[in-house]
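Thanks for coming. I have one model to go through this morning, so please look at the screen.

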Amino acid sequence: MTIAIICLIIGGLLGFFVNINVTAVASVYIAIAIFACFDSIMGGIVAATNKKFDLLVFLTGLFSNSVLSIAIIFLGTKLGIDLYVPIVIVFSIRIFQNFAIIRIFLLNKWRNFVKIERDAEKKD
């Protein structure tokens, strides 16, 4: 966990201080790749809360989601169809579903903690 936080801080600092110019065409593909990665991260957190996290499944999902979504947008661009919006909608739905699962998990954990604290106070 600490390695992930350190990498996140380093990546944030690099993104803040390094000036990289991205073309308008590439920005669409990068935005979708970021959406796909965020979806995979949320799915990984849900898997971890269910104690079913597998690093290999997470990494393959991370890269395959990104590549597949970029390929779909590229194909849509070549066919003259804007497939950016449907992919954003699908990833948004999945991200919000995963967020709801994480939220419920954390609320149940908090409720159990509060209940244990109350029971301990009653015994005293």
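I will take the overall fold, then the helix pairs, then a few single residues.

First, the ground rules. This is a predicted model, in which local features need pLDDT of at least 70 and side-chain atom pairs count only at pLDDT 80 or more, while totals for chains, interfaces and linings use all residues. Residues are numbered from 1 along each chain as its sequence is written, and side-chain values use heavy atoms, with hydrogens and water left out.

Now the fold. The chain has 4 helices and 0 strands, and along the sequence the pattern reads α-α-α-α. Helices here are DSSP runs of H or I of at least four residues, strands are runs of E of at least two, and the numbering starts at the N terminus. The radius of gyration is 20 Å, well over the 14 Å that the globule rule gives for 124 residues, so the chain is more spread out than a compact globule. That radius is taken over C-alpha atoms, and the rule is 2.2 Å times the number of residues to the power 0.38. The C-alpha atoms fill a box of roughly 70 × 35 × 25 Å along the principal axes. Of the 124 residues, 19% are buried; buried means under 20% relative accessible area, exposed means over 50%, and partly exposed is in between, with a 1.4 Å probe and protein chains only. Among contacts between residues at least 6 apart in sequence, 74% join residues at least 24 apart. Contact means heavy atoms within 4.5 Å.

On to the helix pairs. Two packed helices are described by the angle between their axes and the distance between the axes. The axes are lines fitted to C-alpha atoms, for helices over the stretch in contact, and the angles run from 0 to 180 degrees between N-to-C directions.

How do α2 and α4 pack? Helix α2, residues 24-49, packs against α4 at about 25°, with the axes 9 Å apart. The two are therefore roughly parallel. Angles under 35 degrees count as roughly parallel, over 145 as roughly antiparallel, 65 to 115 as roughly perpendicular, and the rest as oblique. The crossing of α2 and α4 is left-handed, the term for a near helix turned anticlockwise from the far one by less than a right angle; clockwise is right-handed. Residues in this contact include F35, M42 and V46 of α2, and F91, N98 and F105 of α4. The contact divides into 18 nonpolar, 4 polar and 2 charged residues. For that split, Ala, Val, Leu, Ile, Met, Phe, Trp, Tyr, Cys and Pro count as nonpolar, Asp, Glu, Lys and Arg as charged, and the others, Gly among them, as polar.

Next, α2 and α3. These pack at about 150°, again with axes 9 Å apart. That makes α2 roughly antiparallel to α3, and the crossing is right-handed. Among the residues that meet are Y29, A36 and G44 in α2, and G61, S69 and T77 in α3. The split here is 12 nonpolar, 7 polar and 1 charged.

The third pair is α3, residues 55-79, and α4, residues 84-123, whose axes come within 9 Å and cross at roughly 155°. That makes α3 roughly antiparallel to α4, with a right-handed crossing. The contact is made by N65, S69, I72 and I73 of α3 with Y84, I87, F91 and R94 of α4. By class, that is 5 nonpolar, 2 polar and 1 charged.

Now single residues. Is S69 buried or exposed? S69, in helix α3, is buried, with a relative accessible area of 3%. Leaving out residues up to four places away in sequence, S69 touches I32, A36, I87 and F91.

N98 sits in helix α4 and is buried at 13% relative accessible area. With the same kind of exclusion, up to four places away, N98 touches D39, M42, G43 and V46. N98 and V46 are 52 residues apart in sequence, and their C-alpha atoms are 6.4 Å apart.

Y29, in helix α2, is buried at 18%. Beyond four places in sequence, Y29 touches I70, I73, F74 and T77.

Last, K51, in the loop between α2 and α3. K51 is exposed, with a relative accessible area of 76%. Its phi is near 60°, a positive value in a residue other than glycine.

That is all I have.
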